[in-house]
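Biologist: Could you pick out one helical part and give me a close look at how straight it runs and what comes right after it? Then set it against the rest of the chain, if you don't mind.

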Amino acid sequence: MLRYLAKRLSYYAVLLIAAVFLAYAISATALQPRTYFDAKVPRPAAESVERQLTALNLNDHTPVVERFGHWAGGLLHGDLGRTIHDTPVTDDFGRRVWVSLRLLLIGSLLGIVLGVAAGAWSAVRQYRISDRLLTVLSFVLLSTPVFLVALLLKNGAIAAKDAAGHEVVPFTGYETPGLGGGLGAHLADWALHLLLPTISLALGGLATYSRYQRGTMLDVLGSDYLRTAEAKGLTRGRALVKHGLRTAVIPMSTMFAYSFLGIFTGAIFTETIFGWHGMGEWLIQSINEQDVNSVVAVNLFTAVVVLASGFLADTLHAALDPRVRS
Amino acid sequence: MTTVVAESTTPAAAPRATGRGRLVLARLLAARGAAIGAVLVLLLFALAFGGPYLTPWDYATPDFGALHQPPSTEHWFGTNGVGQDVFAQTVRGLQKSLVIGLLVALFSTVLASLVGACAGYFGGWTDRALMFLVDLLLVFPSFLIITIVSPRLKSTGWIAFVLLLALFNWMITARVVRSMTISLREREFVRAAQFMGVRPLRIIGRHVLPNVASFLIIDATIAVGGAVMSETALSYFGFGVKPPDVSLGTLLAAGTSEAPVFPWLFYFAAGLLVLFVLAVNLIGDGLRDALDPTAGGGRRRRGFRLRGASRPRGASLLGGASTPRGASRTRSDSRRKKP
């Protein structure tokens with residue numbers, strides 16, 4: 001198993017390097033930090049722009065490979081370069097990464113758990129009313145883009161606020177600014193702010209996973225070994241969970257990894273719509289400001305998370321399915 | 001995947017084989033969901049392309065006598081803040097979104113089938129290189145590239161946007177086509193063609209691709225929905241179709257802030273978007289049943305089946321958290337029903 005995992009890990013490392021280089025090359029050539037400085041009022045002198053660009057490692061007169069080398073050299077020391085406002089990228093990164101991870105982790109985990117549970121339940125109750133309802137619901141959800149779900153939730157919250165006269169569920173930001181009180185009050189505040197963004201992310205996952213899970217579960221339900229397990233004296237519930245669900249989750253593990261990127265893209269919209277100052281919002285903002293180093297930092301973040309979840313899926317796969325290990 | 005390969009016993013899967021064509025059609029009509037979906041899609045297309053002729057208003061020309069008017073007999077979907085007719089705008093936006101969705105699905109499916117078939121057929125280093133490319137694009141947030149590159153393509157307009165979307169939408173389909181090709185490669189008719197000295201590309205075109213055709217048809221159908229969702233999401237954030245051109249995405253973007261007060265600016269476009277994607281998904285779902293060679297005759301099937309085993313669509317662009325290509329049906333519903 002270790003050999004298998006080591007092989008996957010080295011493959012992912014190569015992928016990561018290639019992806020980051022590609023991201024750097026594209027951002028460094030397509031974005032134009034020069035226009036950002038040129039557009040300043042009063043317009044700075046040409047030499048001064050040149051000097052600033054070089055100092056920030058953004059000068060387009062330097063070959064891309066050389067700039068990448070400089071950037072990668074810094075990365076080895078944990079330095080992600082400087083933003084276009086001449087502040088360290090790592091500062092922004094450190095602040096925003098937790099905001100995003102909070103949302104991403106809870107949203108995707110909730111989507112996975114609920115999706116698997118709903119799918120398995122739906123399979124067991126095939127063709128009953130509850131299965132039908134879940135099917136219709138997931139079809140509608142699958143046909144609604146994440147940003148639209150987020151907008152609808154936000155509109156709902158605004159309507160609730162107008163009706164009640166005060167804010168029922170918060171729909172901007174990730175905490176109440178200047179909130180007093182102890183840790184408990186802060187945690188409650190965080191949870192409340194997380195509610196709508198998390199729902200908007202988790203619903204998409206719920207719909208997708210439940211469809212697939214229902215399928216894999218149905219495949220398993222008719223199998224002989226499940227009947228054998230029951231014949232040996234296991235209750236139906238235990239047999240379903242221990243023998244059925246375990247087998248049915250295996251093909252899903254790869255899917256969880258692949259879908260992370262989709263969830264992150266969804267989170268970009270969710271963050272922007274709900275006013276979260278996370279990685280997604282940072283990306284949109286830095287693209288608009290031609291801030292190459294920040295864009296690359298977000299790229300690096302997603303690539304690392306995608307590959308980490310891919311590796312996690314491989315590990316899970318190997319742990320659940322003994323055939324992979326050999 | 002085995003189910004698809006089994007189809008190769010009827011290599012004349014083309015419509016001219018009346019028996020199969022009629023069977024597929026009969027099954028499709030028998031599936032209630034697919035029939036509803038097809039009717040909806042036809043109606044929406046009629047609305048998108050016929051709508052502009054139904055109303056005297058143009059999507060860009062303002063009616064200064066009617067600002068922020070709710071829906072009325074004069075302006076069917078109301079008017080916006082500068083007095084533009086929302087019906088004319090919505091119809092026009094729907095038209096653009098549909099065209100983009102169709103083109104993206106077409107391009108990405110063609111690309112996916114070529115790359116997947118070549119990787120699977122040639123194997124070895126071709127396979128490894130192509131699959132590395134697929135993995136690279138899957139790891140790489142395509143959204144980032146589109147957002148970075150799209151402002152630079154302002155002058156070329158929405159066709160460049162279509163190509164960009166297609167470029168990042170083919171990878172998972174290619175993976176499935178590849179694994180189907182690998183098993184097709186070993187089959188007798190492909191072997192026979194090889195021994196007769198038929199050139200590889202011709203074998204791919206004549207023997208491999210027709211045998212994955214039904215998967216591709218289903219996949220392309222559902223890709224239309226995914227592409228429309230991607231388009232609207234990107235346009236919503238100003239990275240896709242740009243004003244003065246309108247699509248459902250730009251309309252949603254324009255209507256969002258006013259939605260609580262002037263709901264007609266937002267909910268008509270939102271409703272049509274969901275309706276269209278839903279209809280396309282229903283058709284894709286019905287097709288999956290109808291094209292399944294293991295399925296019975298024209299009787300109604302009630303189950304859900306998933307062709308090509310697990311098909312994570314997660315890495316798709318922005319669609320839903322992940323788009324549902326193939327998400328809905330699984331081969332087992334019918335199998336369980338058999339003794």
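Modeller: Sure, starting with what gets called a helix: helices are DSSP runs of H or I with at least four residues, strands are runs of E with at least two, and both are numbered from the N terminus. Keep in mind that this is a predicted model, where local features need pLDDT of at least 70, side-chain atom pairs count only at pLDDT 80 or more, and totals for chains, interfaces and linings use all residues. Residues are numbered from 1 along each chain as its sequence is written, while chains are lettered from A and ligands numbered from 1 in the order in which they are written.

My pick is α10 of chain A, residues 236–274. Its 39 residues put the end C-alpha atoms only 44 Å apart, whereas a straight helix would reach 57 Å at 1.5 Å a residue; that expected span is 1.5 Å times one less than the number of residues. Look at Pro251(A), where α10(A) bends by about 40°, taken as the angle between axes fitted to the seven residues ending there and the seven starting there. Once α10(A) is over, you hit Gly275(A), which has a positive phi near 65°.

Further on, in the loop between α11 (279–288) and α12 (292–320) of chain A, sits Gln290(A). Gln290(A) isn't a glycine, yet its phi is positive too, about 60°. It has 22 C-beta neighbours inside 10 Å, so it counts as buried. The cut-offs, with C-beta atoms placed from the backbone: buried takes 20 or more other C-beta atoms within 10 Å of a residue's own, exposed 12 or fewer, and partly exposed lies in between. Back in the loop between α5 (89–124) and α6 (129–142) of chain A you'll find Tyr127(A), another non-glycine with positive phi, about 70°. Tyr127(A) has 13 other C-beta atoms within 10 Å, so it is partly exposed.

As for the surroundings, chain A has 13 helices and zero strands, and 41% of its 326 residues count as buried. The C-alpha trace of chain A spans about 85 × 60 × 40 Å along its principal axes. Among contacts in chain A between residues at least 6 apart in sequence, 74% join residues at least 24 apart, a contact being two C-beta atoms, placed from the backbone, within 7 Å.
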